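Here is a short briefing for the bench. Look over the fold, then read the points below.

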Amino acid sequence: MASHYEAPIRRPLVTGDKSYHDVTVDVAAPVEGKANKQWWIVFSIALVAFLWGLGCIIYTISTGIGVWGLNRTVNWAWDITNFVWWVGIGHAGTLISAVLLLFRQKWRMAINRSAEAMTIFSVIQAGLFPIIHMGRPWLAYWVLPIPNQFGSLWVNFNSPLLWDVFAISTYLSVSLVFWWTGLLPDFAMIRDRAITPFTKRVYSILSFGWSGRAKDWQRFEEVSLVLAGLATPLVLSVHTIVSFDFATSVIPGWHTTIFPPYFVAGAIFSGFAMVNTLLIIMRKVSNLENYITIQHIELMNIVIMITGSIVGVAYITELFIAWYSGVEYEQYAFLNRATGPYWWAYWAMMTCNVFSPQFMWFPKLRRSIMFSFFISIVVNIGMWFERFVIIVTSLHRDYLPSSWTMFSPTFVDIGIFIGTIGFFFVLFLLYSRTFPVIAQAEVKSILKSSGSKYKKLRAEHGDDAKHYDMPEGAAAVVETSEAIDDVSDVAEEDHSAKADSLLSSIGTFDPNTQTADDLKRISGVGPKMEEKLHQLGIFTFEQVSKMTDREYDLLDSITGEFPGRAKRDDWAGQAAKLKNS
């Protein structure tokens, strides 16, 4: 089939000779299984950090903002630095999900779910800092244009700080809906595989009644495209508006028109670095190396390299404009950054953000997991220093030398920041244990064009559908979930052989001497499954009670309905009890 052809030079996005059933089992495994030792260690560290930060927040609110290191000159430092850093990290999720979806990039499908979750969790962290900085967080609703007890107190719509509220809340809302919509088929998959009634009930609620009908998929595709169209301009608008917090001022070093594109590029830069950090950890802890492959890591590194180069050009442009403007205050602001008391922060920023991504020009390095992990951490350190340099070095020395001062964070400043990092990882680790971290339906949709198994078959047999479109005879049944008769014209001989092998083990049914049992009394067997069992020649509890692992596997390969369900629900044991009763 020509529609499945892909140039042989492209490396597979799914390795390990995976079938449709394998994808389902691998994606469900972290949710259905128990957390390993590494997960508990990381979760414990993150929880301790979160509780420490929570204690610092409580101390700040109960005592006052004076416990922070702010002063009369640098009255906006650590909190706004962390705010902009977290908002920037949240950019990559929507970019991967929305923009790459619109451009039909297949490599996004294994990583978009975690990137979307990262977006939501990082925006939550970002939202904490402005609320705490208010000093009276119980009055946070004042930022909304609603009547209040003072009557005439209204927000200033000319302030980009207010625009932040609307931009980020809209961004969070759209991202949350986009993320949850994509999860519906996977929630339904976990629901159908659930063994305990409680788990089944929980995931039934989360899946919003997803049934997998053609109409469901049609609406799913339509809603996904609409949300992607809404989210794409948000990728540009959110950090553009954040940059207006500085660019609309008259402070040297801030008052520049390059900030909007520069901030957007930097946000994508730091966001992709954080995605890389999380995916490299998760692919190892959750055994997802066959889905989050070296190919994915390399493509992420290419984006980091490009956006890092754009950020480097922005730095050089800033220096050139400061020199070309002839404004001595602007020139001194940048000279002070490079040679003043905070020179170490400036050169740390340049080293991490401009020089380190250039190593990704070398294919061997950008395909190295350990080097990619190291660079991703370095980039996020550098992007934090960038925000720190822009904010603090522009404030600590203003027009009046007598008011020059230094800023130093207190243990409370540092504790709250570490607490948000801990909170972020607590949320992400809990997500990885309760939500499917890979969009299994989307991965299955690219399996025939980007799976190593199918590439090998095409290499052996050429572009011939009968060789690779049905690699296991019944694999198409898993994909289509249709009745056996509907696919018997494609794999009739294979199905017949498997059905004969199955009946030879469990016995045949003779309608002249035997009476058919009501197989629907077996938990997990509905009317549709009973019909399929009848088509195979299985009519009695006696036959079902003789099933072993071999027969379960044969049944799964023929029907393709919820692989592993019969074994998990112990149909043989249930049938034996029903037979005896």
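A residue counts as buried when its relative accessible area is under 20%. By that cut-off Glu551 is buried, because its relative accessibility is 4%. The model is predicted. It has 26 helices and zero strands. Of the 581 residues, 53% count as buried.

**Overall fold**
- Long-range contacts dominate the count: among contacts between residues at least 6 apart in sequence, 77% join residues at least 24 apart.
- The accessible surface of the protein is about 26,300 Å². Carbon and sulfur atoms account for 66% of that area.

**Nonpolar cores**
- The largest nonpolar core holds 124 residues. Phe246, Tyr262 and Phe272 touch the most other members.
- Helix α9 (residues 259-285) supplies the largest share of this core, with 15 residues.
- Another core, of 23 residues, lies apart from it. Its members include Val525, Met529, Val544 and Leu554.
- Which residues does Phe272 touch, not counting residues up to four places away in sequence? They are Ala92, Leu95, Ile96, Trp107, Met300, Val303 and Ile304.
- Val235 sits in helix α8 (residues 214-247). Val235 is buried, at a relative accessible area of 2%.
- Leaving aside neighbours within four places in sequence, Val235 contacts His91, Thr94, Leu95 and Val264.
- The C-alpha atoms of Val235 and Gly90 are separated by 9.5 Å, although the two residues are 145 residues apart along the chain.

**Helix α5 and Arg113**
- Helix α5 (residues 112-133) contains Arg113.
- α5 has 22 residues and spans 33 Å from its first C-alpha to its last, close to the 32 Å expected at 1.5 Å a residue.
- Of its 22 residues, 16 are buried, so α5 is largely enclosed by the rest of the structure.
- Gly135, just after α5, takes a positive phi of about 85 degrees.
- Is Arg113 buried or exposed? Arg113 is buried, with a relative accessible area of 2%.
- Not counting residues up to four places away in sequence, Arg113 touches nine listed partners, among them Trp179, Leu183, Asp186, Tyr431 and Ile438.

**Salt bridges**
- The structure holds ten salt bridges.
- Asp186 and Arg113 meet through their side chains in a salt bridge (2.8 Å, N to O). The pair links distant parts of the chain: Asp186 is in helix α6 (residues 160-193), Arg113 is in helix α5, and they are 73 residues apart. Both partners are buried.
- Arg366 and Glu298 also form a salt bridge (2.9 Å, N to O). Arg366 lies in helix α13 (residues 363-366) and Glu298 in helix α10 (residues 294-325), so this pair ties together parts that are 68 residues apart in sequence.
- Arg366 is buried at 14% relative accessible area. Glu298 is buried at 7% relative accessibility.
- Glu551 and Arg550 meet in a salt bridge (3.0 Å, N to O). Arg550 is partly exposed, with a relative accessible area of 42%, whereas Glu551 is buried.
- Salt bridges that share partners join Glu298, Arg366 and Arg367 into one network.

**Surface patch**
- Which residues form a nonpolar patch on the surface? They are Leu47, Leu51, Leu54 and Ile58, with about 330 Å² of accessible area together.
- Leu54 is placed in helix α2 (residues 37-63). Leu54 counts as partly exposed, at 35% relative accessibility.

How values were computed: Residues numbered from 1 in each chain as written. Predicted model: local features only at pLDDT ≥ 70, side-chain atom pairs only at ≥ 80, totals over all residues. Heavy atoms only, no water. Core = buried A, V, L, I, M, F, W, Y, C linked by side-chain atoms within 4.5 Å. Buried < 20%, exposed > 50% of the residue type's maximum accessible area, 1.4 Å probe, protein only. Helix = DSSP H or I, 4+ residues; strand = E, 2+ residues; numbered from the N terminus. Contact = heavy atoms within 4.5 Å. Areas by Shrake-Rupley, 256 points an atom, 1.4 Å probe, with all protein chains shown as cover. Patch = residues over 30% accessible without salt bridge, like charges linked within 9 Å, V, L, I, M, F, W, Y side chains within 5 Å. Salt bridge = Lys/Arg side-chain N within 4 Å of Asp/Glu carboxyl O. Expected span 1.5 Å × (residues − 1).
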